[in-house]
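Welcome! Let's take a friendly walk through the inside of this protein, starting from a single side chain and working outwards.

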Amino acid sequence: MAAPRDAEIWKDVQTYYGQVLKKAADLQTNACVTSTRPVPKHIQEALQNVHEEVALRYYGCGLVIPECLENCWILDLGSGSGRDCYALSQLVGEKGHVTGIDMTEGQVEVAKKYIGYHMEKYGFQVPNVTFIHGYIEKLGEAGIKNESYDIIISNCVINLVPDKQEVLKEVYRVLKHGGELYFSDVYASLELPEEIRTHKVLWGECLGGALYWKDLAILAQKIGFCPPRLVTASLITVQNKEVERVIGNCRFVSATFRLFKLLKTEPAKRCQVIYNGGITGHKKELIFDANFTFKEGEIVEVDEETAAILKNSRFAQDFLITPIGEKLPTCGGCSALESKEGACYFHQILKGVQIQKRRIYQSTRLPERM
């Protein structure tokens with residue numbers, strides 16, 4: 001049974017997203033409308049095919065459509081009116097499947113209303129999208145089985161849940177080995193004071209429940225994920241004087257991260273990798289995260305963890321991976337490159353937040369937690 005405070009937060013969030021917000025313009029901050037890099041053409045086209053009413057009620061804080069999606073099974077945590085689900089359903093194709101789960105019944109009803117419309121538009125004989133009314137920290141109660149999804153996405157929703165650890169535990173349970181949580185969310189520059197954590201508008205605007213940025217790595221690695229990999233980040237601005245007063249010196253960013261679930265079966269080794277090219281929308285260049293961009297045919301040296309992810313995830317077929325010291329095959333135009341350091345870090349967005357270049361959290365000693 002939920003704690004009284006948790007139940008109160010659930011009710012407030014359902015009211016905010018089911019009754020207060022009618023469209024994106026009703027928001028008081030830009031937490032749910034930020035974008036940090038151009039949207040690939042194939043994704044633009046997929047989004048343009050989404051019904052107007054579904055798109056109007058979209059409140060995400062980033063683009064949560066990763067690469068290499070054909071035939072994948074995808075779960076959308078906090079799917080709302082279904083915009084991301086319907087875009088993804090085109091990209092996975094008829095052999096793939098997308099499930100959306102949301103706790104706001106009104107949003108789920110809007111999403112369900114347009115299943116037939118979208119399947120007809122895409123030319124699919126059988127629907128490849130399903131919507132469930134339920135809680136993202138209680139996926140078992142919603143009937144979602146162990147190791148049943150290749151990818152899980154979430155767009156500015158985990159911050160709305162009081163128990164973030166339970167959400168990540170459930171995600172880990174239902175992901176297949178080699179699977180990925182690809183998600184955008186909001187993070188704070190400090191541990192939030194009580195005044196912010198109990199402010200109803202700030203919870204609805206995705207700020208009141210934001211994680212202190214260091215805590216994401218602590219929770220993820222405690223559960224068993226690889227360390228979080230930053231993809232993009234941008235500063236959140238506030239358009240409300242009262243909200244500005246409450247948040248004071250605290251700063252917030254919306255950031256997209258990748259979290260992979262891997263089996264610990266073999267010692268990891270530094271490797272040289274070559275991207276074969278050909279992933280839809282990324283045929284010549286794959287921007288994997290803030291540290292690594294892979295260009296077709298070029299040799300890139302990667303650390304042990306990155307090599308393990310590429311080797312044991314859905315990306316394996318798209319890379320030639322060889323341990324350092326072993327000879328790589330020659331090919332026209334190939335050249336040895338240094339591994340690329342990311343240019344998109346929190347310290348470039350939030351002054352005073354120290355982040356190590358190579359991995360976002362590695363330079364911070366993780367504190368002892370009970």
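In this predicted model, a good place to start is L75: neighbours within four places in sequence aside, L75 is in contact with T99, I101, L139, I144, Y149, I151, I152, I153 and V174. A second, separate core holds 30 residues, and Y86, V98, I151 and Y182 are among them.

Now to the core that L75 itself belongs to. The largest nonpolar core has 34 residues, of which L75, L77, I152 and Y187 touch the most other members. At least two residues of this core come from each of β1 (73-77), β4 (149-155), α7 (164-174), β5 (175-188), β6 (211-212), α10 (213-223), β7 (229-235) and β8 (252-260). Which element gives the most to this core? That is α10, with 5 residues.

What about the cysteines? A search of the whole structure turns up 0 disulfides. C72, for one, is in no disulfide, and the nearest cysteine sulfur, that of C68, lies 6.4 Å away. Because a disulfide needs the two sulfur atoms within 2.5 Å, a pair set further apart does not count.

Here is how three residues compare with the solvent in mind:

| Residue | Relative accessible area | State |
|---|---|---|
| C72 | 7% | buried |
| C85 | 0% | buried |
| R83 | 14% | buried |

R83 deserves a closer look. This arginine is found in helix α4 (residues 83-92). Is R83 buried or exposed? With a relative accessible area of 14%, R83 is buried. Leaving aside neighbours within four places in sequence, R83 is in contact with L47, V50, V54, A55 and Y58.

Terms used. Residues numbered from 1 in each chain as written. Predicted model: local features only at pLDDT ≥ 70, side-chain atom pairs only at ≥ 80, totals over all residues. Heavy atoms only, no water. Core = buried A, V, L, I, M, F, W, Y, C linked by side-chain atoms within 4.5 Å. Buried < 20%, exposed > 50% of the residue type's maximum accessible area, 1.4 Å probe, protein only. Helix = DSSP H or I, 4+ residues; strand = E, 2+ residues; numbered from the N terminus. Contact = heavy atoms within 4.5 Å.
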